[in-house]
Amino acid sequence: MEAELKDMTDDLESLKRSLPDSSLHASVDKLKLHVENLAKMVKSATVQRSKVKDMSAEVVDSNPYSRLMALQRMGIVENYERIREFSVAIVGIGGVGSVAAEMLTRCGIGRLLLYDYDKVELANMNRLFFRPEQVGMTKTDAAVQTLSDINPDVVLESFTLNITTVQGFETFMASLKNKSFCPSKEGSGVDLVLSCVDNYEARMAVNQACNELTQTWMESGVSEDAVSGHIQLLIPGETACFACAPPLVVASGVDERTLKREGVCAASLPTTMGVVAGLLVQNTLKYLLKFGQVSPYLGYNSLKDYFPTMAMKPNPQCSNAACLERQKEYLVAKPARDAAAKAKREAEASLAPEGPLHDDNEWNISVVDDSDLGRIDATSAGALPEGLTHELPSADEFEKSPAPVPADTSVDDLEALQKQLEALNAD
Ligand SMILES: [Zn+2]
């Protein structure tokens, strides 16, 4: 638009020079002035919104956070504004990662670290987020361009690198440890890492970094046929790491190492990727802002609209040395953790009012204690959907050191599990 108007101004100027009758020059100048005013108006319409110092709950059309702060008024989130203190790292800015980044940006996350080595291609246009005019830009640069326009309050850091190279991995680790955004933060410099990569090696690199840093992360994936996906929460030492049991192997019976084959064009749908990104960011918001239940694993089978959930305990025979270290630390801290949980339960029990609040209970309404719900969840957390079985012992059984299982037996078990899952999918 701006270029068109500039051309028109230039054309009017040459018209003026070519006119033999100078009495007409004033009319052309008048036209030129109109066009220049139009150009100014177009320019001012594309100006960015300014930064907002504090998140306001004021309900006015000009407040970008009014609908988010309403979550507090509705009693869903205790303190929404805390979101500005959090740093989230997103590895892989593709079909899932770019949409997750946009969702967190619109939610007003404090800081986003973006990692990708790829460039935007026309072949990416069947997905959400990137636009045709960004073809040729690095995905990280294109993402920063779009996200900073949407919400200038978010601190964006982009890293155009491949985390599976030695140099890339070192930079990745250093960036996760950097605490300049929030120097008082415990642990690493980020609150959560989201893995949105599309290959086994990159997932293993994220797993390695997070195990070394005791960094909680969430893994996500979409199948090669574009019709199913999953998200998984990984807490080093407490839950299975990616090397303990790669989720795609367990959940869909597909060996993920075979997924990325040279010359094979994998299918992708914006719908499945959008759903998986939505599930991932919903779990992220619940984890960071402490509301609802954070899913340890959530699968999505779009053909049957089937959402399996399960919890996976760490494997005491995991091949990852850092994972085994974290498992030991988790067990050592168990008595203190149990005591803290007991003290919390007792404190809550002593605060609970004795006797009925209302003498008349016409409708026989009874309220279930939250701590009872917690206990129910704790016992059912290990339960698997019908047709699935646990392959791994729980972390708390680690010290009992089970008899070592020969490697070929566990492969057989995995194959048996795959067969069970295939049978389940074939229903
Ligand atoms: Zn492990």
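Buried residues account for 31% of the 427 residues in the chain of this predicted model. With the whole chain displayed, the secondary structure amounts to 13 helices and 7 strands. Among contacts between residues at least 6 apart in sequence, 68% join residues at least 24 apart.

**The N-terminal helix**

Select residues 2–18, which form helix α1. This helix has 17 residues and spans 25 Å from its first C-alpha to its last, close to the 24 Å expected at 1.5 Å a residue. The number of buried residues among the 17 of α1 is 0, so the helix lies largely in the open.

**The sheet**

Next, display the strands alone. The 7 strands form an open sheet with mixed pairing, in the order β3-β2-β1-β4-β5-β6-β7. At the edges stand β3 (155–160) and β7 (297–301); each has a single partner strand, so one side of each is left without a neighbour in the sheet. From one strand to the next, the twist averages 15°.

Select β1 (residues 87–91) together with β2. These strands run parallel and are joined by 5 bridges. For a pair to label, take Ala89, whose bridge partner in β2 is Leu113. Adding α5 to the view shows a helix that packs on the sheet and touches β2 and β3. The direction of α5 makes about 165° with that of β3.

**From β4 to β6**

Move to β4 (residues 192–195) and then to β5 (217–222). The two strands run parallel, with 3 bridges between them; Val193 stands opposite Trp217 in β5. Include α7 (200–213) in the selection: β4, α7 and β5 make a right-handed β-α-β unit.

Is β5 enclosed or open? In β5, 6 of the 6 residues are buried, so the strand is largely enclosed by the rest of the structure. In a regular strand the side chains alternate between the two faces of the sheet. Show the side chains of β5: Trp217, Glu219 and Gly221 point one way, while Met218, Ser220 and Val222 point the other way, and all are buried.

Now add β6 (residues 228–234), which pairs with β5 in the antiparallel sense over 6 bridges. Trp217 stands opposite Leu234 in β6. The two strands form a hairpin with 5 residues between them, and Ala226 in the turn has a positive phi of about 70°.

**Ser195 in β4**

Centre the view on Ser195, a residue of strand β4. Why does Ser195 count as buried? Ser195 has 28 other C-beta atoms within 10 Å, and a residue is buried if that number is 20 or more. Its C-alpha atom is separated by 5.1 Å from that of Val91, although the two residues are 104 residues apart along the chain. Leaving aside neighbours within four places in sequence, the contacts of Ser195 include Val91 and Gly92, as well as Arg203 and Val206. Trp217, Met218, Glu219 and Ser220 are also in contact with Ser195.

**The nonpolar core**

In soluble globular proteins, nonpolar side chains tend to be buried together. Here the largest nonpolar core has 72 residues, of which Val88, Ile90, Val91, Ala100, Leu194 and Leu280 touch the most other members. Helix α9 (residues 270–289) supplies the largest share of this core, 9 residues.

Select Leu194 to follow the packing outward. Apart from neighbours within four places in sequence, Leu194 is in contact with Val88, Ala89, Ile90, Val91 and Ala100, among others. Its contacts also include Met218, Ser220, Leu280 and Thr284.

**Two loop residues with positive phi**

Most residues other than glycine have a negative phi, and most peptide bonds are trans. Two loop positions are therefore suitable for inspection of the backbone.

Select Phe129, in the loop between β2 (111–116) and α5 (139–150). Its phi is near 85°, a positive value in a residue other than glycine. Phe129 is buried, with 25 other C-beta atoms within 10 Å.

Finish at Thr214, in the loop between α7 and β5. Phi of Thr214 is near 50°, again a positive value in a residue other than glycine. Is Thr214 buried or partly exposed? Thr214 counts as partly exposed, with 16 C-beta neighbours inside 10 Å.

Technical notes:
Residues are numbered from 1 along each chain as its sequence is written. This is a predicted model: local features need pLDDT of at least 70, side-chain atom pairs count only at pLDDT 80 or more; totals for chains, interfaces and linings use all residues. Helices (H or I, at least four residues) and strands (E, at least two) are DSSP runs, numbered from the N terminus. The expected span of a helix is 1.5 Å times one less than its number of residues. A residue is buried if 20 or more other C-beta atoms lie within 10 Å of its own, exposed if 12 or fewer, and partly exposed in between; C-beta atoms are placed from the backbone. Two residues are in contact if their C-beta atoms, placed from the backbone, lie within 7 Å. A nonpolar core is a set of buried Ala, Val, Leu, Ile, Met, Phe, Trp, Tyr and Cys residues joined through C-beta atoms within 7 Å. Two strands pair if DSSP finds at least two bridges between them. A crossover is right-handed if, with the strands pointing away from the viewer, the path from the first strand over the helix to the second runs clockwise. Axes are lines fitted to C-alpha atoms, for helices over the stretch in contact, and angles run from 0 to 180 degrees between N-to-C directions.
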